[in-house]
Structures are given as C-alpha cells and as structure tokens.
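Me: Could you take me through one part of this model in close detail, and then place it in its wider setting? Please explain each term as it comes up.

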Amino acid sequence: MLLNQKEALDILIKYNIAFPQTAIFLDRGDISNLKINYPVALKIDSPEIMHKSDMGGVFTDISSSVELWKKVEILEQRLKEKQIKEYKFVLQEMVKGTEFIIGMKSDKTFGKVIVFGLGGVFVEVLKDVSMRIAPLSIKDCKEMMDEIKGKKLLEGFRNNPAVNKEKIIELLLKVSQLSLKEKEISEIDFNPVIANEKTALVVDARIIREKNA
Amino acid sequence: MKKMLEMFFNPESVAVIGASRKPNSAGYGVLKSLLKGGVFRSKTNKSFKGRIYAVNPNADKIMGKRCYKSVSDISAKIDLAVIAVNSRIVPGVIKECTQKKIKGAIIISAGFGELGEEGKKEERKLLEIAKKANLRIIGPNCLGLMRPSTNLNASFGPCMPLCEDVAFFSQSGALIDSVIDWSLDKNYGFSAVVSLGNSADVGISELLLWAKDDKQTKAIALYLEGLKQGTRFMKVAKEVGKKKPIIVLKAGRTETGMKAVGSHTGSLAGSYDIYKAAFKQCGVHIAEDMDELFEMSAALAKQPPCKNNIAIITNGGGAGVLCADHCESVGINLAELSKETLSKLDKSGKMHPAYSRRNPLDLVGDALHERYVVAIDTILQQKDIYGLIVIQTLQTMTEPMLDAKAVIDARKKYPDKPIITSYMGGKFSRKSIDLLETNNVPDFNNPYKSAVAMKALIERGKWLKTK
C-alpha cells in the first residue's frame, strides 16, 4: 500500500529527514490561507495515481498565488476527466540543485537493499545506480557515491554546484536505519532528492507498506 | 568449525552404501574412486589411504571388495558414509548410519528438495533423524567430495585433481566434472572440491569457515546459483575474508521478466545487482566467467595483495600498450617511473638506446635476459611501485627460461610485490610457462587476464587495509 503524502511526511519527520517547506490543501479556497514562500511546486497526491508526473500532475516554478490558482484549476479539470475522486494538493517550496534517487527494496535473500543513483524522470532509462545491503556503514555510503557513472555530478557540473556529500551520507544512513526499524515498509523511492552545496532534501517521497502489515 | 567438518575431509574409514558393479552407476563410480583414485585413468589417481567398506545386500564382492549387507554389519568404526542408493531407501540408510554412530554422510542420491515440496518434506525428515544423532550431511543430490592430500575421492567425478591450494565449492556437481578435466590439462590443482547439492544440512557458510582454518587452502573459489541465507553468508564471508580471499562466480544473472513493481527502486535493483552489491560489501571477489574464477583464485592464492600503482615491463611495444589499455579499463593505476629509476636504468649499460624510458617499460624486441634482470630489479626498487606485469613476446633471440628465472628470483627478493607474467605465445613458450607456474607465478597468454589478476590483488589489498 502506497502511503499518502501526510503519512510519508510523518515518517520523514520521525527519522529527522529533511524535506522542503510543504503544505497540503484540498481546493482553491484554501490558497489564501497557505503560508509558503514562492516559487513553489504543485503536486497531486492520490492513492489512485502511482506516477503523478506521467499524468501531468506536477507543476514547478509557480511564482505567485494567482498563478497557483490557475494551475490548481487545470489539475482539478484533469482529475475530473480521469474520474479520480480521492486526492489532495501538495505545495512545496522549490529547491535548486542536482537530482538523485535514494531508495530501498526488500530482497528475500539479503533483506533491505539501499539504492543510490542519478534521479529525476530518467532514472529508469539511465539506470545509473549503486546499491548496498542495510545496515550501511559510512564506507558503504562513500562507495555507493563513487560507483555511479555520473559521479562527476556530485562535484558540480555547469550550472549545478557541487553537492554536500556529508548530507547525502547522512541521508543514506537514515534511510538504512529507517528501513531496518520500520520492518513493514517494503519499498521506498525518494525521487528526486535534490542536493546542493548546503543540503540534500527529499522532494518527493513514495513509501510502500506491505498490505498485510 | 574446522573440527566439526573434519570427518568429511580427513576420515580414517569410509563406507560406500550402494556400492555397485554397474559401470554407469554412481555407486560404482564412488567405490572405484576410493579404491583407485578415480574412474578415468590419471597420473593423479591414488587409492585412499584409509579403510574402505562396500555395502550392497545383493552382492558378495565388488571390485575385489567384500560387500556387507548393511552398514550395521561392519564391526569397525566408520567415520564417513557415502550414500548412493535409491532416494526411497535413503531414510532407512541414514537411520542405520546414526545407529552405527557415523558422524558424516555424503548423500549422492537425487530425488529430494530439488523436486519440490514433496521432496523438501523428505529432506526435512532426513535432517530430523540425523540431527538427533549429530550426524552431519553433505547433499543430497550431489557429486561428492575430493581431498587430494589424503587421496580421498568420495565422489563419482572423473578422477582425482592435482593437490594445490584452491578450495572449490560448487552448487553444480556436473560443472565439477568438467572443471577437473580442464584443471588437469592446465596443471591447476585444488586443496578440496565439494559439491554442495541441495545443502540440506552443511551449507556454503559452514564450508567457508572450514576452509578458513584449513592449512592447505589459500583461496576459496565458489560457484553459486543462489543463497538461502544472504545475511549469514555476508557475515561469514567478512570473517573468512580477513584470513583468506573468496572468489565467486554467480549464475542466474539475467532476470528476464522482472516484475512490474510499484517503485523505481524496485525495478532498478535486479537480483544479480543485489548479489553483486552484497559481495562487494563483504569483500568477496566477483568473477565474470569460469576462466576468471580460477585465474583470480590462483593469483590470490599464490601472490601477495598490493596497493594500486603498478608497472609493466615488455619486450614488445604493442603488447605493452595493449596491456596498459587493459589495466586502465579495469581500474589499475600505472605508476610513473621516478627520475632515480630512470637514471639507474640509463646507467646500467644494459638498456637499448631506444628503450621507452616510461611505463610500460619497453625493453625493445632484442632484449636478452640481462635486460629483463636489470629492469625488473630496478623497477621493484622504486618504493611506490607495488606490483609488476612482465610481458614477453617470443622473438628468435629471446631467452624465455632465463627471463622466467629473473622473475622467480625477483619474487624471492621482493616478497611483498606481486608479479604476474604474460608470456605471449604457446608451443615454444610452454616449458618456460611451466617453470613460472610451478614457482607460483601466474602466467596468462592474454594481457587482459594479467590485468584482471593484478586487479584482484589490488582489491584484496584495499579490503585488508580497511578492516
């Protein structure tokens, strides 16, 4: 079962995992009450949608409440067309940096496997990932970062600054800890994790809990 | 742990239950292997030094050996039973073994867990009987076990392998047959060979722990199809790896029809990727194919681990460049020759005027052994060069035997610096290659293989340092 945005955020908070300023609301009427700094990203959160960007459920770089109103209107129209009834809107402060994926998968032989790699919408095309079995050591985390083909992106490339590797290590260790403690959580996708010189933030968290748990 | 499995590797007496006179049966093969060393003729065959008993209720004598009706009829103590009877009567035979207080049984017979649920149930029943009496089981559904140092061939494999320092544990029995055939052709040898079969009782982790303390074993080669307990394997491999290198070839890498899963991570982490990650994490060397499995094992068994900065010496420019390319592709740093090294070479009076003066060090085609001697010694004197690949192309004036001697002498003078050779050639190089290999210098016709072997030594060095 895919956790909803609120439940996923609660897990992040529990493990002290950093994410951008976030607000959850139901319809356009709530917009004037939102306390958030523009620019923002707008996303749909619905148990009926697995990959929200595939259905145009994500808007980025929204710079004002007027623009936000318009985008919400568009999304409401799309939801209506697709007859999706159960949903919420998630608003998130925009973060600049390089996109990575940090994930977890349960394996019947080895248990919890932690994955690190280049993130964003092309992950499944590039498949540039490395992995280790939990619990991770700091050495494991360093090797994971060193093993991906795109490791140069960690050092900074063109407009993207070098990323704070310590923060990525910290995040990998937290995911390792979380995975071992929350036994019923079977899969995690933190994609993208956006990292820059200062920080590494989980911008989108998809957490799957085993049905029978 | 060594003691716990010792009855399998150093028994004083072995009973073959299901000894047979039919040449196409496993029971025939096992008895003949114990009596003669193997079914096929080989110089390596010798009869087992301990006592051998044959059990078959329907025969009086097989291969000149008296047959007992049952293992209970043997009055002497039995350390190891090799069982090659129909699966239906295996439980009864195991019961008799426990009554006879036998501590180790190799069950060759198939027809258990590999058949599915019904077979697994039968397997569990066997284990229950055995556990109560502290009887340990290898198999069922396996080829058996070989221990060349005591002439123990408790298998129906082709013949006894050469006695050397690599232990080979395999989840495929059939593969062992071919590996032994191949190994005799290559003068490759083993400290022990075990076919795991279904691993109902003794599993891969326990064998690793045994090999860790086995004095004859210097490297452990594994052929794996799957692990039952991944995390236990990792823990054991880490512990064993502090003392001895483990090299694995894993089959079943392409997982076709990877199920559509709910997350990106799910589809990114395939089963072989996870195995590979686990192996890296516990310091297990990964071989890509059968050749690499045994070549890396030999290199790790015979040469010391080293840091990553190595040199190449060659008498052929092209071969040197080729080797340098391969080194780079596997992640080996090629060292820069220091001013001091170059000045020593210049002043030696032995170098060709057109020698390369850089790494790869090209001694030029007409190099006689003296040039090799000076080059090898001078290069290894340089402190930050940790290993050496010596290439020899066979020119008409080349002195392969003397060049080999130079390598062997250098190994003695610099015991901490590995040397791998690449004597490129075949027929006319054979004698010198044999000389190198009997002196524990791994040689590869293909410089790529030399690079892979050297990389394994570097990986090993890195792993030992981080512990």
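Reply: Leaving aside residues up to four places away in sequence, G241(B) touches I246(B), C282(B), G283(B), V284(B) and W463(B), where contact means that the C-beta atoms of two residues, placed from the backbone, lie within 7 Å. This is a predicted model, in which local features need pLDDT of at least 70 and side-chain atom pairs count only at pLDDT 80 or more, while totals for chains, interfaces and linings use all residues. Residues are numbered from 1 along each chain as its sequence is written, and chains are lettered from A and ligands numbered from 1 in the order in which they are written.

G241(B) belongs to helix 7 of chain B; helices (H or I, at least four residues) and strands (E, at least two) are DSSP runs, numbered from the N terminus. Because 21 other C-beta atoms lie within 10 Å, G241(B) is buried, a label that requires 20 or more such atoms within 10 Å of the residue's own C-beta, whereas 12 or fewer make a residue exposed and counts in between make it partly exposed, with C-beta atoms placed from the backbone. V202(B) is 39 residues from G241(B) along the chain, and 20 Å separate their C-alpha atoms.

Helix 7 (residues 230–241) of chain B packs beside helix 6 (residues 204–213) of chain B, the axes coming within 9 Å and crossing at roughly 10 degrees. Such axes are lines fitted to C-alpha atoms, for helices over the stretch in contact, and the angles run from 0 to 180 degrees between N-to-C directions. Helix 6 and helix 7 of chain B are therefore roughly parallel to each other, a description kept for angles under 35 degrees, with over 145 counted as roughly antiparallel, 65 to 115 as roughly perpendicular and the rest as oblique. Helix 6 of chain B contributes I204(B), S205(B), L208(B), L209(B) and K212(B) to this contact, and helix 7 of chain B contributes R232(B), F233(B), V236(B), A237(B) and V240(B). These residues divide into 7 nonpolar, 1 polar and 2 charged, where Ala, Val, Leu, Ile, Met, Phe, Trp, Tyr, Cys and Pro count as nonpolar, Asp, Glu, Lys and Arg as charged, and the others, Gly among them, as polar.

On a wider view, chain B is assigned domain 1 (3–142), domain 2 (162–302) and domain 3 (310–466), the bounds coming from an automatic or database domain assignment. The C-alpha centres of domain 2 and domain 3 of chain B are 30 Å apart, and their contact draws on 12 residues from domain 2 and 13 residues from domain 3. On the domain 2 side, helix 10 (residues 290–302) of chain B gives the most, with 7 residues. By class, that side of domain 2 has 5 nonpolar, 4 polar and 3 charged residues.

As for the interior, the largest nonpolar core holds 191 residues, of which V193(A), V16(B), A81(B), V82(B), I83(B), I313(B) and I376(B) touch the most other members; such a core is a set of buried Ala, Val, Leu, Ile, Met, Phe, Trp, Tyr and Cys residues joined through C-beta atoms within 7 Å. A second, separate core has 12 residues, including I62(A), L75(A), F89(A) and L91(A).
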